[in-house]
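I opened the notebook to look up two things: the contacts with one nucleic acid strand and the backbone angles. The entries follow in that order.

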There are 2 protein chains.
Amino acid sequence: MGLDQFSEEHDEALHKMRKRVIETIGRNMDLYGISQSTGHLYGMLFFADQPMTLDQMGSEMKMSKTSMSTGIRTLLDLKMVNKVWEKGSRKDLYEVEYDWYQTFTDFFDVKWRKSVEANIMILRKSIDEMDRMLEEYAGNPELFAALQKDKMKLHEAVSYYQWLDRLIDTFESGEIFKLVPKEPPM
Amino acid sequence: MGLDQFSEEHDEALHKMRKRVIETIGRNMDLYGISQSTGHLYGMLFFADQPMTLDQMGSEMKMSKTSMSTGIRTLLDLKMVNKVWEKGSRKDLYEVEYDWYQTFTDFFDVKWRKSVEANIMILRKSIDEMDRMLEEYAGNPELFAALQKDKMKLHEAVSYYQWLDRLIDTFESGEIFKLVPKEPPM
DNA sequence: AAGAACGTACAGATAAAACTGTACAAAGCA
DNA sequence: TGCTTTGTACAGTTTTATCTGTACGTTCTT
């Protein structure tokens with residue numbers, strides 16, 4: 001629906017401005033691993049005056065309902081949009097999370113955290129395996145040296161991921177805003 | 001070039017371990033907006049004992065030289081690998097940046113910073129335009145209200161991006177390591 | 001200066017993703 | 001309970017990204 005409530009010629013300028021901002025938001029959304037069209041969907045919702053249904057989005061974006069469904073699901077998973085219930089309607093309504101600081105921290109909590117944990121797990125497993133191999137091939141100097149070199153690399157990788165894990169903790173706890181306040185120090 | 005120096009049966013286990021870690025690294029590399037195969041290339045380089053040439057990578061990865069070239073260029077742009085000069089060889093040699101903390105901050109400096117700056121510029125431009133429209137359509141209450149609402153949203157977006165800009169500053173300056181030390185506090 | 005080796009641009013082929021329409025399950029309404 | 005509406009699964013199509021081979025410019029060697 002968007003601007004339907006002001007169907008006059010002035011709206012053209014507002015529409016154009018919104019479109020430009022939406023384009024920009026959508027283009028830079030690949031940082032979050034989101035496709036451009038889902039980024040557009042997000043941008044459109046950003047300017048929406050009230051929560052929207054899938055059908056409304058579909059007609060606004062001129063896209064199929066299925067695409068809207070999958071796009072919204074992606075945005076929901078990243079907590080970039082929220083589901084809103086409105087009594088009397090059995091349609092699902094969605095609106096963007098307007099607190100972008102929250103969106104930022106949620107993004108890292110959802111996407112990066114998962115990756116960090118998976119990596120640490122695999123690395124630990126590999127280090128254990130490596131310890132066994134180090135014992136087994138203690139008599140083969142060359143192989144032993146190669147194993148130790150790899151093991152050191154894996155240990156350093158684990159340290160890094162643990163740091164990343166703690167960094168994400170500070171995002172999630174809001175501690176990061178002590179170091180970098182939302183309001184710039186004048 | 002990998003394990004060729006130990007062509008015995010024990011190497012199987014080491015190879016397998018490396019492969020698993022490489023797979024994991026490659027899979028989670030999409031956080032950096034990098035394709036899976038470029039992620040594999042990175043993982044392979046991670047375990048390489050010395051800097052490698054494009055041809056060596058090509059034979060190790062069983063991929064075309066062109067793909068190696070474009071993959072390496074991507075990794076170079078993100079400063080995930082470095083070009084190494086070796087006197088006497090006119091081939092380009094590459095090795096991964098083993099300081100992953102550096103890689104992390106470089107990533108934000110390269111990718112996010114660009115995005116942040118582009119967004120702020122577009123938003124400022126739109127806010128200016130909006131001020132003109134607010135004057136022009138002061139007589140149209142509904143449109144005026146809509147404009148003000150949008151303008152507020154844009155202002156909040158600018159604030160957020162400025163915060164992000166300052167956050168990336170703390171990454172780049174290393175100040176972030178004061179809040180989140182590399183060595184975990186025991 | 002001529003030749004050889006190296007890296008990349010380009011165009012075509014292959015693989016992956018995004019999108020659509022239909023069909024169907026779930027949930028509210030009569 | 002039957003009827004309608006809403007959201008999603010699935011298969012097929014379209015679009016986009018990735019990969020390959022050839023051709024060519026550049027640089028180093030002789």
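I took helices (H or I, at least four residues) and strands (E, at least two) as DSSP runs, numbered from the N terminus. I counted a residue as near a strand if one of its heavy atoms lies within 4 Å of it.

I noted that this is a predicted model, in which local features need pLDDT of at least 70, side-chain atom pairs count only at pLDDT 80 or more, and totals for chains, interfaces and linings use all residues. Residues are numbered from 1 along each chain as its sequence is written, chains are lettered from A and ligands numbered from 1 in the order written, and side-chain values use heavy atoms, without hydrogens and water.

Entry on DNA strand C. I found 14 residues around the strand, with Ser37(A), Ser69(B), Arg90(B), Lys91(B) and Asp92(B) coming nearest. Of the strand atoms within 4 Å of the protein, 74% belong to sugar and phosphate. I then looked up individual atom pairs. A polar side-chain atom of Lys91(B) is 3.2 Å from a phosphate oxygen of the strand, and a backbone N or O atom of Ser64(A) is 3.0 Å from a phosphate oxygen. For Thr66(A), a polar side-chain atom is 3.0 Å from a base oxygen. Two or more residues each come from α4 (65–77) of chain A and α4 (65–77) of chain B; α4(B) gives the largest share, four residues.

Entry on phi. Lys79(A), not a glycine, has a positive phi of about 60° and sits in the loop between α4 and β1 (81–84) of chain A. In chain B, I found Lys79(B) with a positive phi near 60°, in the loop between α4 and β1 (81–84). Most residues other than glycine have a negative phi.

Definitions and conventions. A polar contact is a pair of N or O atoms within 3.5 Å; within protein, one must be able to donate a hydrogen and the other to accept it, and residues adjacent in sequence count only if both atoms are side-chain atoms.
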